[in-house]
Amino acid sequence: MVSPLLANVALNGIEEIHQSIRYADDMVIILKPKDNAEAILDKISQFLGERGMKLSEKKTKLTATKDGFDFLGWNFKVQSNGKFRSVPSSDNYKAFRQKVKRIVNNSNYGAKEKAEKLAPIVRGWRNYHRFCKMDGSKNSLVHIETRAFKVFNKEAKQNRYTSKKLLDLAFPSVPYSENKHINVKGEKSPFDGDIAYWSERNSKLYDGETSSALKRQNHTCGYCGLKTLSDEKVHLHHVDGNHNNWKKNNLLAVHESCHDYHHTSKTVR
Ligand SMILES: [Zn+2]
Ligand SMILES: [Zn+2]
């Protein structure tokens with residue numbers, strides 16, 4: 001396995017071969033009907049071969065874009081006007097809703113604590129998808145917000161007014177502008193900037209082990225699979241429960257809320 005950072009260095013220049021979207025060692029190559037897919041894949045195999053790498057057969061798929069494909073938590077599809085459109089992928093949306101639900105329904109937290117825990121998670125998710133069309137029912141959080149309001153309002157010290165205030169705190173809105181991250185040339189995408197920003201921030205915030213676990217995991221939480229690109233804290237989890245075992249394969253970087261859930265749900269069972 002190549003580390004994402006190494007892969008990034010080694011793969012620089014691969015974008016010259018054909019129009020593509022890439023993040024670390026994940027890449028989508030965009031083919032037009034007249035393009036020769038095999039020839040392009042051959043060139044890419046050759047490029048990788050020269051650098052001692054191989055195309056992962058498991059991960060290489062040829063898909064018609066009218067059927068859409070998932071990449072980095074987004075679902076891309078070609079619209080009738082020929083342009084790409086992206087929305088959060090259903091796996092991403094599901095994982096995110098589950099995270100939110102776990103916090104809303106967690107009886108260990110009061111309403112205020114829930115709202116404070118939800119805010120960075122919701123902001124991070126909306127920010128991650130800020131280049132997607134986020135209105136309409138599909139990506140709306142209306143149901144979960146309604147549920148959260150009911151749960152907040154049930155608490156004796158809350159009323160409709162304070163519950164609404166907590167709801168606004170818990171579900172901050174983030175303006176979106178559709179389609180900015182597609183049709184970006186070469187290796188530059190707004191996402192690269194995000195990764196650079198969060199990597200730097202995380203390596204300042206976290207010690208060596210957490211920050212190298214984050215790099216190993218491509219900045220993805222070991223539990224929910226969502227990116228760790230938000231203000232939500234990252235914890236270092238010891239897989240075997242032994243806090244003296246610092247072997248790399250025993251260390252997992254996970255979101256704070258995912259970590260809490262993992263440990264509390266174990267003791268409950
Ligand atoms: Zn997580
Ligand atoms: Zn743990």
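**Figure 1. Pairing of Asp70 and Asn75 in the β3-β4 hairpin of the predicted model.** The bridge partner of Asp70 is Asn75, a residue of β4. Phe71 likewise has a bridge partner in β4, namely Trp74. Strand β4 covers residues 74-78, and its pairing with β3 is antiparallel over three bridges. Two residues lie between the strands of this hairpin, and Leu72 there adopts a positive phi near 55°.

**Figure 2. Pairing of β4 with β5.** These two strands run in the antiparallel sense and are joined over five bridges. Asn75 is placed opposite Val87 of β5, and Lys77 is placed opposite Arg85 of β5. The hairpin that links β4 and β5 has five residues between the strands, and within this hairpin Gly82 has a positive phi near 90°. Asn75 thus appears in two pairings, with Asp70 as its bridge partner and with Val87 opposite in β5.

**Figure 3. The open sheet formed by β3, β4 and β5.** The sheet has three strands in the order β3-β4-β5, and the pairing is antiparallel. Strands β3 (69-71) and β5 (84-88) are the edge strands, each pairing on one side only. On average, neighbouring strands of the sheet are turned by 35° against each other, direction ignored. In a regular strand, side chains alternate between the two faces of the sheet.

**Figure 4. Packing of helix α4 against helix α6.** Helix α4 comprises residues 111-128 and helix α6 residues 160-170; their axes come within 7 Å and cross at roughly 25°. Because angles under 35 degrees count as roughly parallel, α4 is described as roughly parallel to α6. From α4, the residues that meet α6 are Ala111, Lys112, Lys114, Ala115, Leu118, Ala119 and Val122. Their counterparts in α6 are Ser163, Leu166, Leu169 and Ala170. By class, this contact of α4 with α6 has eight nonpolar, one polar and two charged residues.

**Figure 5. The largest nonpolar core and the surroundings of Leu118.** This core has 26 residues, of which Val100, Leu118, Val122 and Ala170 touch the most other members. Two or more residues are given to the core by each of α3 (90-104), α4, α5 (142-154), α6 and β7 (251-255). Helix α4 supplies the largest share, seven residues. Leu118 touches Val100, Ile103, Ala170 and Phe171 when residues up to four places away in sequence are not counted. Leu118 and Ala170 also belong to the residues that meet between α4 and α6.

**Figure 6. A second, separate nonpolar core.** The second core has six residues, among them Leu72, Phe76, Cys132 and Met134. Leu72 is also the residue with a positive phi near 55° in the hairpin of β3 and β4.

**Figure 7. The environment of Leu236 in strand β6.** Leu236 lies in β6, which spans residues 234-238. Leu236 counts as partly exposed because it has 19 C-beta neighbours inside 10 Å, whereas a buried residue requires 20 or more. Apart from neighbours within four places in sequence, the contacts of Leu236 are Glu209, Thr210, Ala213, Leu251 and Ala253. For one of these, Glu209, the C-alpha atom is separated from that of Leu236 by 7.9 Å, although the two residues are 27 residues apart along the chain.

Definitions and conventions:
Residues numbered from 1 in each chain as written. Chains lettered and ligands numbered in written order. Predicted model: local features only at pLDDT ≥ 70, side-chain atom pairs only at ≥ 80, totals over all residues. Axes fitted to C-alpha atoms, helices over the stretch in contact; angles between N-to-C directions. Helix = DSSP H or I, 4+ residues; strand = E, 2+ residues; numbered from the N terminus. Parallel < 35°, antiparallel > 145°, perpendicular 65-115°, else oblique. Contact = placed C-beta atoms within 7 Å. Nonpolar A, V, L, I, M, F, W, Y, C, P; charged D, E, K, R; others polar. Pairing = 2+ DSSP bridges. Core = buried A, V, L, I, M, F, W, Y, C linked by C-beta atoms within 7 Å. Buried ≥ 20, exposed ≤ 12 C-beta atoms within 10 Å, placed from the backbone.
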